[in-house]
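This briefing is for a reader meeting the structure for the first time. The points below are grouped by topic and can be followed residue by residue.

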Amino acid sequence: MKVLGIETSCDETAVCLLEAHGEFGSDFSFSVLGNALLSQAALHAQYGGVFPNLAKREHAKNLVPLFEQVLKDAGELRTAASPQAGVALLPLKEILSREPELFSALAAFLLRYEKPDIDCIAVTHGPGLEPALWVGINFARALSLYWNIPLVAVNHMEGHIVMSMMSASPSGHSNILQNIEMNSGGALRKFEFPVLALLISGGHTELVLSEAFGTYKLIGQTRDDAAGEAFDKVARLLGLGYPGGPEISRLAHEAREKNISAGAVLPRPMMSEDNFDFSFSGLKTAVRKIVEQEPLTEEKKLQLAREFEDAVADVLVGKTMRALEEYGAQTVLVGGGVSANVHIRTRLAEALEKAGSPAQLLIPPPELATDNALMIALSGYFHATQKDFADPFALTAQGNLKLA
Ligand code: KG4
Ligand code: ZN
């Protein structure tokens, strides 16, 4: 089955064409036929975070070129022999009435090329920024109706979970249009349920228990800022770029190399509380107070970056280890953009080893931890095999979509 994945929930426009076989839990395998991603991070940097209307505009501008690139890489871009009937485009004009620029580009594309060999279209319908989500959804709905291809709605967080379950290794980067070609293929890793998933991204910090593919129970979450949001906000306080995670991580690493230890001790919010919730806004406030009271020297930046990363790691690792004990999970999975953080990954692996835990740790390669369309196509394939299709007329963006 060939699945087209479309991701526009935040500031990455991503399209992927996947060919997948078999069933989750037994003989699943996939190869990536085409994969393109355009990050808007540099554009949002001036705002210190994602600016929803800018994200929407950029997605609308980039979807057709990325889609074309993916089809080309997949060998699925075929010029139509005879002109296509323009009248079939009328319903699409309605669907894309809020994205007129996307409609024009898509209409020209559809008139020019033949229907590619795609069996299913998977699109993120939440959680995320609604104006951004809508662009991908309307694009997917238009393609689904025009070519009569079934549609699947994917929960972005499930995409991160599924991605972490794969043995996919990034292969080569190509920088044409800043596209990143990530993988050639992979399969499901061998692991046992229950799976305890620590989801850490720009919008979420959650501990989720999964007893089987597609079933989730939320056991804890942040009460204020997400872990990635805290990285981004603290980076801003330290005068670093956006996204803040990689920047802080770089400084923290430098501090460890140079043996620069914490000048001030930051709190470990909620770490000892008897629940599985998190809170990161106090940590950001503590950094702000220090920055306001003391001159922000280069050394201070290194100290704060290291101490902040240690504090986040302590809390995430501490709570995950307690949840593992409480729920007796066989597998610990980490997913979402913050799981690209080397220090957090290492700390969790060390904690499992120190505790003599038999639980297996699943972490995606850093390149696949952040948002991409492969994860959406993978999750979409699972739902397609479950015959869990979406109605292209009724599909809507759900900014606060939950896993459970
Ligand atoms: O999953 P993701 O790409 O997008 C969302 O769904 O939110 O996560 C983005 C978040 C950003 O907050 C970014 O700062 C953070 O992931 N991030 C990191 C690292 N790389 C990305 N945080 C800490 N360390 C990193 N190396
Ligand atoms: Zn994400």
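P194 sits in the loop between β6 (185-187) and β7, and the peptide bond that joins F193 to P194 is cis, with omega about -5 degrees. The model is a predicted one. The points below cover backbone features, the zinc ion (ligand 2), ligand 1, helix α7 and a few single residues.

**Cis peptide bonds**

- The bond between F193 and P194 is cis, and its proline belongs to the loop that leads from β6 to β7.
- Y242 and P243 are also joined by a cis peptide bond, with omega near -5 degrees.
- P243 is placed in the loop between α7 and α8.

**Positive phi angles**

- N148 is not a glycine, yet its phi is positive, at about 55 degrees.
- The loop between α5 (130-147) and β5 (151-155) holds N148.
- N148 has a relative accessibility of 67%, so it counts as exposed, the cut-off being over 50%.
- M270 is likewise not a glycine and has a positive phi, of about 65 degrees.
- M270 lies in the loop between α8 and α9.
- With a relative accessibility of 13%, M270 falls under the 20% limit and therefore counts as buried.
- G239, just after α7, takes a positive phi of about 75 degrees.

**The zinc ion (ligand 2)**

- Three residues coordinate the zinc ion (ligand 2): H156 and H160, each through NE2, and D371 through OD, at 2.0 to 2.1 Å.
- Along the sequence, the spacing of these donor residues is H-x3-H-x210-D.
- Distant parts of the chain are linked in this way: H156 belongs to helix α6 (residues 156-164), while D371, 215 residues apart from it, is in the loop between α12 (366-369) and α13 (374-385).
- Both H156 and D371 are buried.

**Ligand 1 and its surroundings**

- Around ligand 1 there are 19 residues, of which G202, D232, G245, G337 and D371 come nearest.
- D371 thus appears here as well as among the donors of the zinc ion (ligand 2).
- H160, another zinc donor, has a polar side-chain atom 3.1 Å from an oxygen atom of ligand 1.
- G337 places a backbone N or O atom 2.9 Å from an oxygen atom of ligand 1.
- N341 has a polar side-chain atom 3.0 Å from a nitrogen atom of ligand 1.
- On its own, ligand 1 has 560 Å² of accessible area, and the protein covers 90% of that.
- Two or more residues of the shell around ligand 1 come from each of these elements: α6, α7 (227-237) and α8 (244-257).
- By type, the shell around ligand 1 consists of five nonpolar, 12 polar and two charged residues.

**Helix α7**

- The buried residues in α7 include A227, G228, A230, F231, D232, V234 and A235.
- D232 is also one of the residues that come nearest to ligand 1.
- Among the elements that cover the buried residues of α7 are the strands β7 (195-200) and β8 (205-212).
- The cover of these α7 residues also includes the helices α8, α9 (281-293), α10 (298-327) and α11 (342-354).

**Two buried histidines**

- H383 is part of helix α13.
- Its relative accessible area is 12%, under the 20% limit, so H383 is buried.
- Leaving aside residues up to four places away in sequence, H383 touches V152, E158 and D388.
- H343 belongs to helix α11, one of the elements that cover the buried residues of α7.
- H343 has a relative accessible area of 16% and is buried, because that value is under 20%.
- Its contacts, not counting residues up to four places away in sequence, are R256, E309, D310 and A313.

**A partly exposed lysine**

- Where is K61 found? K61 lies in helix α2 (residues 52-73).
- K61 has a relative accessible area of 42%, which lies between the limits of 20% and 50%, so K61 is partly exposed.
- K61 and V135 are 74 residues apart in sequence, and their C-alpha atoms are 9.9 Å apart in space.

Key:
Residues are numbered from 1 along each chain as its sequence is written. Chains are lettered from A and ligands numbered from 1 in the order in which they are written. This is a predicted model: local features need pLDDT of at least 70, side-chain atom pairs count only at pLDDT 80 or more; totals for chains, interfaces and linings use all residues. Side-chain values use heavy atoms; hydrogens and water are left out. Donors are N, O and S atoms within 2.8 Å of the metal (3.2 Å for Na, K and Ca); water is not among the atoms, so sites may look incomplete. Helices (H or I, at least four residues) and strands (E, at least two) are DSSP runs, numbered from the N terminus. Buried means under 20% relative accessible area, exposed over 50%, partly exposed in between (1.4 Å probe, protein chains only). A residue is near a molecule or strand if one of its heavy atoms lies within 4 Å of it. A polar contact is a pair of N or O atoms within 3.5 Å; within protein, one must be able to donate a hydrogen and the other to accept it, and residues adjacent in sequence count only if both atoms are side-chain atoms. Accessible areas come from the Shrake-Rupley method with a 1.4 Å probe; for residues, only the protein chains shown count as cover. Ala, Val, Leu, Ile, Met, Phe, Trp, Tyr, Cys and Pro count as nonpolar, Asp, Glu, Lys and Arg as charged, and the others, Gly among them, as polar. Contact means heavy atoms within 4.5 Å.
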